[in-house]
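Me: Got a minute to go through this one with me? I'd like to talk over the chains and how they fit together.

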Number of protein chains: 6
Amino acid sequence: MIIDSHAHLVMPPESFRFMAELIGGRANPNTLPKIPEASVRKAAEELVRSMDKVGTDLQFISPRPYLQMHSVKPGRVTELWSIHCNDLIAQFVQMFPDRFRGVAGLPQYMDEPLEQRAIPELRRCVEQLGFVGCLINPDPTEGLGDPPGLGEPYWHPLYQAMTELDVPGLIHSAGSCSARESYTLKFINEESIAIVSLLGAKTFDAFPKLKIVVAHGGGAIPYQMGRFRAWSVRKGEKETFDQQLRKLYFDTCNYSGESIELLCKVAGTDRVMFGTEKPGTGSARDPLTDRDYDDMKPVIEGIEWLTEAQRRDIFECNCRRVYTRAFDNYTDR
Amino acid sequence: MIIDSHAHLVMPPESFRFMAELIGGRANPNTLPKIPEASVRKAAEELVRSMDKVGTDLQFISPRPYLQMHSVKPGRVTELWSIHCNDLIAQFVQMFPDRFRGVAGLPQYMDEPLEQRAIPELRRCVEQLGFVGCLINPDPTEGLGDPPGLGEPYWHPLYQAMTELDVPGLIHSAGSCSARESYTLKFINEESIAIVSLLGAKTFDAFPKLKIVVAHGGGAIPYQMGRFRAWSVRKGEKETFDQQLRKLYFDTCNYSGESIELLCKVAGTDRVMFGTEKPGTGSARDPLTDRDYDDMKPVIEGIEWLTEAQRRDIFECNCRRVYTRAFDNYTDR
Amino acid sequence: MIIDSHAHLVMPPESFRFMAELIGGRANPNTLPKIPEASVRKAAEELVRSMDKVGTDLQFISPRPYLQMHSVKPGRVTELWSIHCNDLIAQFVQMFPDRFRGVAGLPQYMDEPLEQRAIPELRRCVEQLGFVGCLINPDPTEGLGDPPGLGEPYWHPLYQAMTELDVPGLIHSAGSCSARESYTLKFINEESIAIVSLLGAKTFDAFPKLKIVVAHGGGAIPYQMGRFRAWSVRKGEKETFDQQLRKLYFDTCNYSGESIELLCKVAGTDRVMFGTEKPGTGSARDPLTDRDYDDMKPVIEGIEWLTEAQRRDIFECNCRRVYTRAFDNYTDR
Amino acid sequence: MIIDSHAHLVMPPESFRFMAELIGGRANPNTLPKIPEASVRKAAEELVRSMDKVGTDLQFISPRPYLQMHSVKPGRVTELWSIHCNDLIAQFVQMFPDRFRGVAGLPQYMDEPLEQRAIPELRRCVEQLGFVGCLINPDPTEGLGDPPGLGEPYWHPLYQAMTELDVPGLIHSAGSCSARESYTLKFINEESIAIVSLLGAKTFDAFPKLKIVVAHGGGAIPYQMGRFRAWSVRKGEKETFDQQLRKLYFDTCNYSGESIELLCKVAGTDRVMFGTEKPGTGSARDPLTDRDYDDMKPVIEGIEWLTEAQRRDIFECNCRRVYTRAFDNYTDR
Amino acid sequence: MIIDSHAHLVMPPESFRFMAELIGGRANPNTLPKIPEASVRKAAEELVRSMDKVGTDLQFISPRPYLQMHSVKPGRVTELWSIHCNDLIAQFVQMFPDRFRGVAGLPQYMDEPLEQRAIPELRRCVEQLGFVGCLINPDPTEGLGDPPGLGEPYWHPLYQAMTELDVPGLIHSAGSCSARESYTLKFINEESIAIVSLLGAKTFDAFPKLKIVVAHGGGAIPYQMGRFRAWSVRKGEKETFDQQLRKLYFDTCNYSGESIELLCKVAGTDRVMFGTEKPGTGSARDPLTDRDYDDMKPVIEGIEWLTEAQRRDIFECNCRRVYTRAFDNYTDR
Amino acid sequence: MIIDSHAHLVMPPESFRFMAELIGGRANPNTLPKIPEASVRKAAEELVRSMDKVGTDLQFISPRPYLQMHSVKPGRVTELWSIHCNDLIAQFVQMFPDRFRGVAGLPQYMDEPLEQRAIPELRRCVEQLGFVGCLINPDPTEGLGDPPGLGEPYWHPLYQAMTELDVPGLIHSAGSCSARESYTLKFINEESIAIVSLLGAKTFDAFPKLKIVVAHGGGAIPYQMGRFRAWSVRKGEKETFDQQLRKLYFDTCNYSGESIELLCKVAGTDRVMFGTEKPGTGSARDPLTDRDYDDMKPVIEGIEWLTEAQRRDIFECNCRRVYTRAFDNYTDR
């Protein structure tokens, strides 16, 4: 079974109009749109078709991250939008219960504590809509401010709720208001910052059951291990940096076979899970292979030194171990 | 002939998606969308049908004001969006040359001088696309800052360009980031501020050929004339406030017969032009009349004391006098 | 009996000197002035003479709004000034108990909660000085910031105190630091914002005994009813916007007969009370009538379609119904 | 002849009212008051009487510094106020030409270059009104910002104008918005900063004809000479700090005989000029002497070690040497 | 016995390297340096030699004030630095118990309450390291902000802790980020502000056991007594300003004999204690005396009108009375 | 010959003291230290010894990046510090002309254009001191602001100067004021941002002779190639992202053999040059190899698939090709 642990919602056109109105009206009026079921079904079917084309059995879908509007004033904007996106995801799952699982987007409005909007929405998604995980955006200011690092107490109530609900968090930043740092690059940099902040603050000592997946192969860290190994030795830490890193999970969503090999070596194949973000940034034709960059199943199958068990871990079993709520109420294929 | 001088673009669904991407990606990548002609035609036809339903012969269409994103960082966002909207309008006009005229939206990014993006786009629209007027947003900060009043030198280069090009400006604010002042109310308040600022600064002495239309019946000013008459007397001004007010034009887009009567009395019927913003805020059923609020032709026809000539002025002739470029290259019906 | 529900303190010259020292010294030293009783009496007599000239029996006087210094740092400045002004008003009332009633100005310093200075001063004025109402400035930042709308929880403690004390609030903004929006225009815009915010937040559901009077004929709203009627229908509200509006009271202080007629039609004559702000902005000679703009008794008497009862409501009875504390301890004439 | 080189305008009550309106209306409307000549004359006579009481022959009067409103937004506020105050001073001088000379207050609005308002007003005062000097406020932000030190190029255009016009500048700060630093203490601190900035930047090398008088005995510097002597030695400066200090002038306005003795020793009696700021801060009864603190003629007469020539320098001659324009067109007594 | 109550740590070179790393790394990593005892001893011996040269028996040493980095973000920077400096001081005292006493520097990070870092470090220094006093920096923003005056409640927890621990505080500001106000001048201005704030707020009424020493002879205040005497009379205060001033202590660290004479006259010799800050700003050769400016013992010995008892008070006894913890556990020489 | 293209100054202890004084005094006083030649020589010899230990023949040394203080106010601080560091480097080169070359640190103060301090210092270093390259910090705000991307016109004057002088720039950020992003991680993220900004803006089309070396193996980009390949295809760029990347140079300073292999594959061995930053972050013992992490010669020698020519390119020849000024006046070994 091929589980794509990192994929996003395909939205019906009406959602974009709603988003436009939210931006223009800044949540004024303060209402949710009613989208015809046919539109939603059409979008869901499109996504299923795209999965079928590359052999994905099951996708974990979350809201499109760069459209989360976490920094758009006032906080009600991102809240309405999160609710809307999560509701659409719930519809997808209901329509295709053996093809989708829901991963919640959280209304992390930059100037408010997480308790105000983000955690209630997480609870709603998990408890009422059956979601199995959530996104965590390490920079809700989207580049406009200097947020607390993921190891800081600001985030603890979220970790507390996640462990109570037994859902993992996928580290994935949102938009970027900085002209020099496009959102797609900010994803990468925020993942590096997230790893260093979480490990530096010994967050997993305080929250031993917390489960964190770092998207896109972990930003720069697996490639820059040397720097952090040395830093760790200089700080006199008991655990090596490699040991620390293995408290995290990573996905394969970086569209490069060589890099995934490096990731598997550094983090271990029991810490890497299949993820493609398809359709998304990688949905472009690679002229060398004549496949889309995000058609990554053949890439991983092509890593010769992986054992069959390791490959299965990556494609399926690691994900099952982490997203424990994902398979409770469903028949496995 | 019924000319609706104040109407806005009806957008194809692809435009909303583009807007969403602009917000999420903050003009990164820096490209314009390609929208299928069929989608554009469908939207244009929808608008023509809505005109037919209420008996409008010709609409002057501009971008949807509250979606102009003048305060969304960086300036390239609103520039791409303005170009896109204006290009769509040009397509509408080309498809239905006897039903539409183009009024440009300007990329008035809040932190930049008008010469950087707004005036070049105005020139492009008038000189290359045949547009006949433009919108002017008195608060490009959309409530986040304290912009210079319309009488200040900041705006003079725009007035210079407008008089050179012989196009009027329609005062119409954009979005509102203030939680307490919805965009629809901000429209009204900004119109009041615009009138007081323009008249207070004696702008028409410096730009005697400048033509300004104030949307929505002129904000609060016609209703609050007493206050400004007294203020003017106390300042010892030579012209009465009523005389000053009559340097401006107004449209009827305020959805209330009694108020339009007041407007006509205060400003004079030679200064009022038909405008409905249809479809827009007023596209809701009035339970008293069972017509939409923005179906305003019957409302004006119902003002009994208007002479036929006055009524024709409002429906057609004032508009022709002000929008002089609108009828140069077209056969009048 | 003619009750002018909206009038302001006429200050002795010593008060201006005190204000100047407050600004220069920023409440340093932190003391109140001692003003000779003769000076106060002279100012009070001047005001009585001006009332007599236009036939006003009783005035409700509050501090001069645009001099309230709500945004002048630090908060002690406006507090000292409010106390001074309210104390003067109390002296006026004591000197002429059958000609004046006190309406408190509140030290609404922009960066502080209302509990810190404003509500204690309200209690002092009502409980110790016998005041019968208060001013409410919807923008204590005086244009420098983005305050919470009047429907927001920030204001609830004030509404709680007002209902406990059974005093109405007169919506009236103060100064304006924005160069493009003079204080006199800001009055109007803030009234529009206040109405929309209070009605939008359903404030009167939470505070059913709250009594709010909107000054100057309600800003732009009675003139722009069409817009808000449509908006209300589109939001699917149960009450029409007209019904909602009639939860508020308005005064006639807009110096234009036509507009007051419109106001009476829209809000109902049971919701409109006589108010002139005399002497004030309207104290200038209208060349058409050769009366001051704020000599409004003849204006209202000249509205032919008003019944005698309606006229009495406007001149006296509505005010008596709203300002219930105003007549407890006094013999009515 | 006793010349009090440091005194301020005594204002008629109407001026305070105008100031109050300026603050409230923020220069909106943008007009100057008309004050009855009798009011002005009354104020001038009061000041002359106060001079007679303490034996002052001639006063150099400038606007009341702490009321200059240099930080009140927008710049037009302080400009109107400066013009008003300077015009009053001109009237005083015209009324009592042998008792007064004018020292201009400058509209140093904090966010603008000096060329915009301050220097034009200086030119008007000197060239049209016959003024003989000006005030210089080293902190036009009045504690809200971090202005350039007096040695910085920001100030050079003013020094250029002063030397062209041959007028000295009296260092005297204005109000203080900081709650912890009252304006009266800020005077002292700003004088210290001014001295260190001017000397540190070698301003007198660039403007050898610049004449600067530091009010209130030079802030803390004469008392803290040791610190700056050592600092100067450590920086390896060629001139001693004592030599540098003697490029400045000082006045005696510090209300303490012991301190004035120290000042005379440190700066030299050829650099100290009589100044009392009377009536002002020092107009309070000293219980030890039963004279007002600002009745300083006896204090200086009581310094026994001063020679008669030195005493004359202080009372008269230094002032004549510095304020060269003060005696051109007048008959000396 | 000659006690120099105001002196600072002489640091080993390794401390500067640590400071550089703190600035560069902003407390990242978050560790303290290990400095070889020999380096510390060498620095301590250097300081002892400098004391011997001028005849000082005992020095009270605190961290070098201008290097305290109170405004360097984040707060952990100044905390690590304070701990390091205080630890060094403790080593000095341990090495030369009859030559040194410790006065703690506090990590007063500008954006945090004193309870977070400053008071815990004070307790550590007094209770664990045997310190006898502390520095108080009235402006932890180092010129970047507008801190609460020393009389404000912000500071009360510190005063509470100081009185509980029975330690005095030496008013001494830190660095200065303002280009126009060097740190050495800011010392002086902050002392003036501190005095006026403490006395104005009647702090000693609330904390009668609080002991405050103002460095550098009290800023400008003893020289500017006249101004504050008059101010006090005008405010109608019961205590004269001279009486109020005598609640404070002062040190002689201003390098000028004439000024110290003035200080002794104004504050009284029972309120002045010997202090030189040697080695420091004053460690430069005075060409007139061929002694260093901070070699102040001969200066005080040269004030002829001092009695022997007064001289002993200044050199020793006042300090003993104020720093009561300094002599508990030590044998006096 | 082994050339370490990326190494930093080892500073004498006096430099740290100077840095501390600069921070404390904020360039007040404004002077440079005089450091004994023996101290400098000792530091240089220490560095030579460390080179000998790992077999490095020649080091290109620049100032310690994280100590550059680019965000410390005012700009004179970083200017004095840069001059000091560059002067030390010049001394090192003069003392050991066959072991060192100078790479300039630039005083890139965050709030100023590069023409003010940075470019003059570059010219001084190259033209007067014989330096051969410079550092470029892409974020002179050190995390406090949002600087223009390296492709923006802000940077063009520097590129112009660099090409005129024929010196390459080494992309290397400085300190980090963000608590969540340590300077060592910021290095990595800034390198990724620099690459994407330079390539996205087509900077090398405008400056075809510009030579840029990206430190630490190019941040995250070689590892995240897939993402940017897809992005490039989606933008329809003519050159592939791989082709674009090969316009830059990279160094090996990332302390991980596997990663350097990936870098060589992605960028090509003709674009990679030996660099170790020794001594620096990597100077810690790797427990697996028992060599320091920054002892990287064996690491590169151990990459088996490199040809001898490729290895020589990395160790020496690429560097010679890029740093053309480095070998003009020197005899090659």
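**Chains and contacts**

Reply: Let's begin with a pair that stays apart: chain C and chain F have no contact, and their closest C-alpha atoms lie 23 Å apart. Bear in mind that this is a predicted model.

Me: And what about chain B and chain E, how far apart are their closest C-alpha atoms?

Reply: 23 Å, and no contact joins chain B and chain E.

Me: OK, now chain C against chain B. How many residues does each put into the contact?

Reply: Chain C gives 56 residues and chain B gives 56 residues. The area buried between chain C and chain B is about 4600 Å², with carbon and sulfur atoms giving 58% of that.

Me: Which three residues of chain C supply more of its buried area than any other three?

Reply: C:R180, C:Y223 and C:R227. Together they supply 23% of what chain C buries against chain B.

Me: How many salt bridges between chain C and chain B?

Reply: Four. C:R227 takes part in one of them, with B:E277 as its partner; the closest N and O atoms are 3.4 Å apart. The cut-off for that N to O distance is 4 Å, so the pair counts.

Me: And polar contacts, how many residue pairs?

Reply: 22 residue pairs across the interface of chain C and chain B, with both residues at pLDDT 80 or more.

Me: Which helices of chain C supply at least two residues each to that side?

Reply: Helix 6 (183–200), helix 8 (225–235) and helix 10 (257–267) of chain C. Helix 6 of chain C gives the most, with ten residues.

Me: How does that side of chain C divide into nonpolar, polar and charged?

Reply: There are 27 nonpolar residues, 17 polar and twelve charged on the side of chain C that touches chain B.

Me: Switching to the fold. What's the strand order in the chain C sheet?

Reply: 1-2-3-4-5-6-7-8, in an open sheet of eight strands with parallel pairing. Strand 1 (3–8) and strand 8 (272–273) of chain C are the edge strands, each pairing on one side only.

Me: How many bridges between strand 3 and strand 4 of chain C?

Reply: Two, linking residues 100–104 with residues 133–136 in the parallel sense. C:V103 stands opposite C:G133 there.

Me: And chain D, what order do its strands take?

Reply: Chain D has eight strands in an open sheet, ordered 1-2-3-4-5-6-7-8 and paired in parallel. Strand 1 (3–8) and strand 8 (272–273) of chain D each have a single partner strand, so one side of each has no neighbour in the sheet.

Me: Got a pairing from the chain D sheet to look at?

Reply: Try strand 5 (residues 169–171) and strand 6 (residues 212–214) of chain D, which run parallel and are joined by three bridges. D:L170 has D:V213 as its bridge partner in strand 6 of chain D.

Me: Back to salt bridges. How many over all chains?

Reply: The count comes to 186. One to look at is A:R99 with A:D52, where the closest N and O atoms are 2.6 Å apart.

Me: Where do A:R99 and A:D52 lie?

Reply: A:R99 is in the loop between helix 3 (75–95) and strand 3 (100–104) of chain A, while A:D52 is in helix 2 (residues 37–54) of chain A, so the pair ties together parts 47 residues apart in sequence.

Me: Last one: which domain does UniProt list for chain A?

Reply: Its unreviewed entry gives "domain: Amidohydrolase-related" for residues 3–323 of chain A. That span is 44% helix and 11% strand, and its end C-alpha atoms lie 11 Å apart.

Note on methods:
Residues are numbered from 1 along each chain as its sequence is written. Chains are lettered from A and ligands numbered from 1 in the order in which they are written. This is a predicted model: local features need pLDDT of at least 70, side-chain atom pairs count only at pLDDT 80 or more; totals for chains, interfaces and linings use all residues. Side-chain values use heavy atoms; hydrogens and water are left out. Contact means heavy atoms within 4.5 Å. Buried area is the accessible area (1.4 Å probe) that two parts lose on being put together, summed over both. A salt bridge is a side-chain nitrogen of Lys or Arg within 4 Å of a carboxyl oxygen of Asp or Glu. A polar contact is a pair of N or O atoms within 3.5 Å; within protein, one must be able to donate a hydrogen and the other to accept it, and residues adjacent in sequence count only if both atoms are side-chain atoms. Helices (H or I, at least four residues) and strands (E, at least two) are DSSP runs, numbered from the N terminus. Ala, Val, Leu, Ile, Met, Phe, Trp, Tyr, Cys and Pro count as nonpolar, Asp, Glu, Lys and Arg as charged, and the others, Gly among them, as polar. Two strands pair if DSSP finds at least two bridges between them. UniProt positions are given in the numbering used here, feature names are shortened, and annotations may be inferred rather than shown by experiment.
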